[in-house]
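Student: Could you take me through how to read the features of a structure such as this one, going from the surface to the strands and then to the side-chain contacts?

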Amino acid sequence: MNEKLKQAYERLGLPETVTREELDKRFDLLLRRRRSLTNETEIAAYEEDFQAIKFILDSRDQQEIQEAEDQRLAKYGSLAGGARKWERFMRLYKTHVIISIIAVTVLVFAGNALYNNWQHRKYLASLPPVDAQIMFIGNFGVKDKDGKMDALNQAIIDEYPQWKRVDTSIVYLPKTGEGSDTLDMNYMQKAVVELAANSPDILILDEATLKWIGGQDGFQNLEPILGDGKIAKDDPRLKWGKLGESTVDELYAVDITDSKFVSSLPINHNTQSIEIGVLGGDKPKDKILQFVKHIAEENAGK
């Protein structure tokens, strides 16, 4: 027992073996006695008695806590001391530890994301440039169960080896009723946004979508693909019309439904015909037109 605790017992005239019940009674009596004190000497003596019994009660509480802790940690045997230090450390620094763990976790994930991003950019830099951006827009779906476009991209390259890399996308645009040519308005709005955001070079469309956007200003005139005469101007697969404010008919799309190209693509579609068109723009379209010409010539004259 430390000296200060011994002095507290002597101050109150209590044995060190006094029970907790007797201490509580003495404490209650001391509190009631405070109301009857009048002079400073009595008050000063009272304060010393009060601090003494409070110190004893606090020491008893601490001792009980210690004994309960010893009993609880006894299961650790020789490691009880280490377990005690760890618990005390966690009581003092639990919040700091949790915050530190969260911070480290965030840094790890952020670092991993940056590394993956760097690796992806490095991979993209190693690839050849994109020869064309191709958008399928209409009642189309990719056959890959994960929705990835890799197999579709590769199928296009296999069919047209002059290109080394293409970037494809599919914008699903369903009809509103069975056998109807009316497109779903919500999907149409999404399609407009996709067209504006991505500006594809080539559009591959179903018949309903072609009726909606075909022949509008912004489509490329495809007449150069007829230059060598392999495709007749009156070929029924050719779609003619006035583009924008033009006063003469121009070739704006080609029906490629029965082409070898379409049959080789890993796509699902629920449409009677599939058309191909080229969007205009500032970029030269010669190699794009050559691609369309290649596909159109596959079934020329059939």
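Tutor: Let us begin at the surface, keeping in mind that this is a predicted model. I98, I102 and V106 form a nonpolar surface patch whose accessible area adds up to about 270 Å², and V106 belongs to helix α4 (residues 80-126).

Student: How should I read a strand, and are the residues of strand β4 buried or exposed?

Tutor: In a regular strand, side chains point alternately to the two faces of the sheet. In strand β4 (residues 202-206), five of the five residues are buried, so the strand is largely enclosed by the rest of the structure. Both of its faces are covered, with I202, I204 and D206 buried on one side and L203 and L205 buried on the other.

Student: Which strands does β4 pair with, and how do they run?

Tutor: Strand β1 (residues 132-138) runs parallel to β4 and is joined to it by four bridges, with F136 standing opposite I204. Strand β8 (residues 274-278) runs antiparallel to β4 and is joined to it by five bridges, and here V278 is the bridge partner of I202.

Student: How many aromatic pairs are there, and what does one of them look like?

Tutor: A search of the whole structure finds nine aromatic pairs. Among them is the pair of Y172 and Y187, which is edge-to-face, with 5.7 Å from centre to centre and 90 degrees between the planes. Because Y172 lies in strand β3 (residues 166-172) and Y187 in helix α6 (residues 185-198), this pair ties together parts that are 15 residues apart in sequence. Y172 is partly exposed at 37% relative accessible area, and Y187 is partly exposed at 33%. Elsewhere, ring pairs link Y160, W163, F261 and F291 into a cluster.

Student: How should I read the salt bridges, and which parts of the chain do they link?

Tutor: For each of them one can ask where the partners lie in the sequence and whether they are buried; the whole structure holds 14 salt bridges. D24 and R20 meet at 3.4 Å, N to O, and, being four residues apart in helix α2 (residues 20-33), they are separated by about one helical turn. E159 and K260 form another salt bridge, with their closest N and O atoms 2.9 Å apart; this pair links distant parts of the chain, E159 in helix α5 (residues 150-159) and K260 in helix α8 (residues 260-263), 101 residues apart. E159 counts as buried, at 10% relative accessibility.

Methods
Residues numbered from 1 in each chain as written. Predicted model: local features only at pLDDT ≥ 70, side-chain atom pairs only at ≥ 80, totals over all residues. Heavy atoms only, no water. Patch = residues over 30% accessible without salt bridge, like charges linked within 9 Å, V, L, I, M, F, W, Y side chains within 5 Å. Areas by Shrake-Rupley, 256 points an atom, 1.4 Å probe, with all protein chains shown as cover. Salt bridge = Lys/Arg side-chain N within 4 Å of Asp/Glu carboxyl O. Helix = DSSP H or I, 4+ residues; strand = E, 2+ residues; numbered from the N terminus. Buried < 20%, exposed > 50% of the residue type's maximum accessible area, 1.4 Å probe, protein only. Pairing = 2+ DSSP bridges. Phe/Tyr/Trp six-rings, centres within 6.5 Å; stacked < 30°, edge-to-face > 60°.
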